[in-house]
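Notebook open, coffee poured. I want to go through this one from the overall fold down to pockets and rings.

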Amino acid sequence: PRQAAADLEAAWRAFAARQWDIPPGLPAERWGEPLAAAGLGATAVRALREHFEDLHFLRWAPELSDVETLREEAVDRSAQLLRELTRPGIRRRR
């Protein structure tokens with residue numbers, strides 16, 4: 001679960017860098033302003049922030065819950081967010 005969470009976080013950081021020019025090292029809690037400038041609504045920004053919180057939990061405290069379920073949910077949530085964040089109307093870097 002830790003490796004899966006780390007891989008998902010790295011993939012999201014690479015995606016955000018390509019999609020919206022968000023520096024890969026920028027803490028996820030500071031993504032709000034650049035994402036809003038890219039046209040993402042507050043709901044999408046909040047969903048992505050919550051997803052990063054879940055990934056952080058999986059990386060650093062997996063023993064506190066059913067990690068297999070959490071890992072599956074994290075992968076599913078990543079796929080859902082990716083579909084939402086790549087829909088037409090969301091600005092991308094030029």
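Ground rule for elements: helices (H or I, at least four residues) and strands (E, at least two) are DSSP runs, numbered from the N terminus. With that, I read the protein chain as α-α-α-α from the N terminus on. I get four helices and zero strands.

Housekeeping: this is a predicted model, so I keep in mind that local features need pLDDT of at least 70 and side-chain atom pairs count only at pLDDT 80 or more, while totals for chains, interfaces and linings use all residues. Residues are numbered from 1 along each chain as its sequence is written, and side-chain values use heavy atoms, with hydrogens and water left out.

**Entry 1: burial and contacts**

I looked up burial, where buried means under 20% relative accessible area, exposed over 50% and partly exposed in between (1.4 Å probe, protein chains only). Of the 94 residues of the protein chain, 35% count as buried. Next I took contacts (heavy atoms within 4.5 Å). Among those with a separation of 6 or more, 62% are between residues 24 or more positions apart.

**Entry 2: the core**

My term here is the nonpolar core, a set of buried Ala, Val, Leu, Ile, Met, Phe, Trp, Tyr and Cys residues joined through side-chain atoms within 4.5 Å. Which residues touch the most other members of the largest one? I find Trp12, Trp20, Trp31, Leu35, Leu40 and Leu48, out of 23 residues. Helices H1, H3 and H4 (67-85) each give two or more residues to this core, and H3 gives the most, with seven. A note on background: in soluble globular proteins, nonpolar side chains tend to be buried together.

I then followed leucine 48. Setting aside neighbours within four places in sequence, leucine 48 is in contact with Trp12, Trp31, Leu35, Leu81 and Leu85.

**Entry 3: aromatic rings**

I pair rings of Phe, Tyr and Trp (its six-membered ring) if their centres lie within 6.5 Å; planes under 30 degrees apart count as stacked, over 60 as edge-to-face and the rest as tilted. How many aromatic pairs does the whole structure have? The search finds three. Why is the pair of tryptophan 12 and phenylalanine 15 edge-to-face? Their ring centres are 5.7 Å apart and their planes are at 90 degrees, so the pair gets that label. Both residues lie in helix H1, three residues apart, about one turn of the helix. Phenylalanine 15 also pairs edge-to-face with tryptophan 20, at 5.3 Å centre to centre and 90 degrees between the planes.

I put Trp12, Phe15 and Trp20 down as one aromatic cluster. On burial, tryptophan 12 has a relative accessible area of 4%, so I call it buried. Phenylalanine 15 is buried as well, at 12%, and so is tryptophan 20.

**Entry 4: the largest pocket**

I ran a 1 Å grid over the protein atoms alone: a cavity is a set of points where a 1.4 Å probe fits but cannot get out, a pocket is an open set with protein on both sides within 12 Å along at least five of seven lines, and lining residues have an atom within 4 Å of a point. Points are joined across faces, edges and corners, and a volume is the space filled by probe spheres set on them.

The largest pocket holds about 170 Å³ of space. Its lining gets two or more residues each from helix H1 (2-20) and helix H3 (42-60), and H3 has the largest share, six residues. Including Glu9, Arg13, Pro27, Arg49 and Trp60, the lining divides into four nonpolar, one polar and six charged residues. For those classes, Ala, Val, Leu, Ile, Met, Phe, Trp, Tyr, Cys and Pro are nonpolar, Asp, Glu, Lys and Arg charged, and the others, Gly among them, polar.

Proline 27 from that lining lies in the loop between H1 and H2. Proline 27 is partly exposed, because its relative accessible area is 29%. I also checked the C-alpha atoms of proline 27 and arginine 13: they are separated by 9.7 Å, with the two positions 14 residues apart along the chain counted as the offset.

**Entry 5: the cavity**

I count one cavity of 30 Å³ or more, and the largest has about 50 Å³ of space. Ala28, Glu29, Trp31, Gly32, Leu35, Val45, Leu48 and Arg49 line it. Helix H2 (32-37) and H3 each supply at least two of these residues, with H3 giving the most, three. The split is five nonpolar, one polar and two charged.

**Entry 6: an odd phi**

Aspartate 21 has a positive phi of about 60 degrees although it is not a glycine. Most residues other than glycine have a negative phi. Aspartate 21 sits in the loop between H1 and H2 and counts as partly exposed, at 46% relative accessibility.
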